[in-house]
Amino acid sequence: MWSSCWTYSLNLSSVPGDGDSQSRWCLSQVKGAVDDDVAEADIISAVEFNHSGELLATGDRGGRIVIFQQEQESKNLPQCHAEYNVYSTFQSHEPEFDYLKSLEIEEKINKIRWLPQKNAAHFLLSTNDKTIKLWKISERDKRPEGYNLKEEDGRYRHPSSLTTLRVPVFQPMDLMVEASPRRVYANAHTYHINSISVNSDNETYLSADDLRINLWHLDFTDRSFNIVDIKPANMEELTEVITASEFHPLQCNTFVYGSSKGSVRLCDMRASALCDQHSKLFEEPEDPSTRSFFSEIISSISDVKFSHSGRYMMTRDYLTLKIWDLHMESRPVEIYQVHGYLRSKLCSLYENDCIFDKFECCWRGDDSEVMTGSYNNFFRMFDRDAQRDATLEATWENGSPGCPLKTWRVSAGSRRKRNEIGVDCLDFSRKILYTSWHPQDNIVALATVNNLYIFQEKLN
Amino acid sequence: MSDAIRNVAVFGCTGMTGLATSPLAVTAGYNVTVLVRDAARLPPDHKASRVVVGDVLNKEDVKKTLEGQDAVIIILGTRNDLTFLLWDRARVPPRLVPVTEDHDRMYTVLKESGLDYVAVMPPHIAECEMVAKGQKRKLHREDEGRGAAWESQLQSVLDISMDKFHRGQALVEPSLLRSVLINNTLRQVQSEVRAQVESLSAVKIPTKSQTHSGSEPDFPRGPSPSEHNAPLFSLNAENMEDDFMAWTSEEDFSLSSAISVILKDLDTVIDAGPCAPQRAPLGSVENLTGDARLAQSSSRTEKTSDMVPSIKMEAACPGCPQDVSLDKLLLDIDTSVFEPEVNLLQGLSDDLVKYLPSLSKSPSASSSSSLDSHGQATWEIQEIEHVMDILMRTYPQS
């Protein structure tokens, strides 16, 4: 299923640009099936770079994880395109059946989070709706040879046939990448897990479902500690659920969680054992002029990400990206309109369920830019310093491969011009929900429904 | 202007409605003849071509007025000493039955007269300006400028939300985030509908306790009067000072209980709007439960919907379904449909269902009422709610 069907090489000659309509980004690779007819199981549901950026993990609805590795040669040459090739593929989660409730648990991978690397092996956490697994991905390029009691072809030798003894030695072999499940953290969540986040102490992590957040120690699978519980005594009074959660990148006692009502709560685990009382509440007062029936739905936080510095936090709701300074709860310091032109279409988007789409967002390594996905296979880049934004399209139907992407504009109505498209022409079935930014370089990976796209920034 | 009609007689032209009507007739080009008891009460700039001084209770005066006339406009009334006429005779409080019967007799006379007539029977004519939807509005805008677009969006959001809600219920394990968001949207729609209904009832209640000079002695405490202008209680127009707060709890209990029954039925009447395609969401509730009783009640509500259009032709009255236990039926169905664990709409859905079709459009034709210039069901429903408003204001303890 996974094949690198299209690989574009970078055109190193500089291309004269129109200035505004050119961006610095160009398509590096597209992974996945060529045809539009993609099986449900192949739809990507998670994308995540590891802490060095060398590995890129994707999870799909079939419960599989595919890990891509950056080519060693191109890593050292900044001008070369980032080439990622398949490193390992394994089945992370299988569909399960909950006999008590008589319903099937989807194997779809909801989130992947890498652990910081401590030794030669790589570890990642992957989760579906109910179970989190810790996977070890290790390479094997040597194998022991020269056993006394076993032949090289596998046949056993009888001890009585031995005349001499030898010590087995390691001999090089073809590289083999193995993925093995080291821990399975199960049966701790009644509701669907939507987030996992590894703590900066590298020993614990949290998992959040709709109503509860649990704290785990990586070594122990038989116990987890509930740190947030917003389930009301009477479920009929439920009006708010947890939608996203993350640990602070530097402070191991701090985490945040976003809710369906558009508020983000920051909790300090030192304050109390159960963090139902937040330490900070980040909530922007509603603008009464834009109030509609859908105000609550579009304010629902779909993703929350701390900046790498730990000073800021970014939240994604349906129409905007908001950047918060952790010291100021009253309002965000920056608000970026992702696709404000959809505001007049909310009723239709409610009808076709698109209003419930949960978009992710990500920071650039130096926190100077942020990125998130949109519809029509568009994704949006916001330069915080220059206060510029760009709309780019993830498509392999480009004019010339390797060329810098043209930026798009979305206009009202149904016009379609060169690099301009009307709101009514947008394809809402093609959406980019999952994105990840390389922690050091300017490489972004994002998933459309069919494919994985990798873009790199042109440097000259 | 009709070619056949040139001369029009107006009876009651110095009344509140009359003062508005006569100038219009003149402007329309008719030759207006008026019968007044006191010519000084005519406005100084009146353009009536002929003024007859006399009394409408005097047959000769009336005949004199009618000489040479092609048509007659009767806007007689008792100003603010009014009664309240309800349509469904079974629901009329005993005290009001005689005057209702008398009105009926008058109407029968008119019908059997063989004359070509138009009868306009609005529940209430207010002093203030009417806006497009027939909603009362103070002289300065107080509402938020909601128009038909908002109404239609309200309706579509309601429909879509109910549809999604039921789909979610049909799933074994609906996404909790989705369920919560949809339920909250439904609650919001419901509160908007409630706010709309309440805004119709939000008329200032006069705090002064002084009563209209003429009406105090007429307030009956005993058996119902037989005269048509016996004031049983007063309607509160904007400029009214009549004190309906004079109605204390000493009021006849049968009357207030009858009114409260009417009020409860008004809720179900709102439910009984004429069937429109938007009623599909309610239909899915029926499908879910497969309950014959609900199917029965829906057919009952359809029967009521036939009665609703005729509200226009009578004095306003809520058509009441025969079986008031529709509420109870809906409550029963609620508990059976919803699981206890994810029963997020409990207590919400019965009210919600009541309000559900309140915004559906009526296919019924409009009558010639001036209030009905937009001929929509919203006017109709406004009328019903206005009735409710009047009843509630008059019987605040109900």
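This is a short dialogue about reading a predicted model with a chain A and a chain B.

Reader: How should I read the labels and values here?

Author: Residues are numbered from 1 along each chain as its sequence is written, while chains are lettered from A and ligands numbered from 1 in the order in which they are written. In this predicted model, local features need pLDDT of at least 70, side-chain atom pairs count only at pLDDT 80 or more, and totals for chains, interfaces and linings use all residues; side-chain values use heavy atoms, leaving out hydrogens and water.

Reader: What does it take for a residue to count as buried?

Author: Buried means under 20% relative accessible area, exposed over 50%, and partly exposed in between, with a 1.4 Å probe and protein chains only. In chain A, 53% of the 460 residues are buried. A:Cys26 is one of the buried residues, at 3% relative accessible area, and A:Cys347 is buried too, at 18%.

Reader: How much area do chain A and chain B bury between them?

Author: Buried area is the accessible area (1.4 Å probe) that two parts lose on being put together, summed over both. Here that comes to about 2500 Å², with 62% of it on carbon and sulfur atoms. On the chain A side, the most area is lost by A:Glu236, A:Phe293 and A:Tyr350, together 31% of what that side buries.

Reader: And how many salt bridges are there between chain A and chain B?

Author: A salt bridge puts a side-chain nitrogen of Lys or Arg within 4 Å of a carboxyl oxygen of Asp or Glu. The two chains have 2 salt bridges between them, including A:Asp353 with B:Arg178 at 2.8 Å, N to O.
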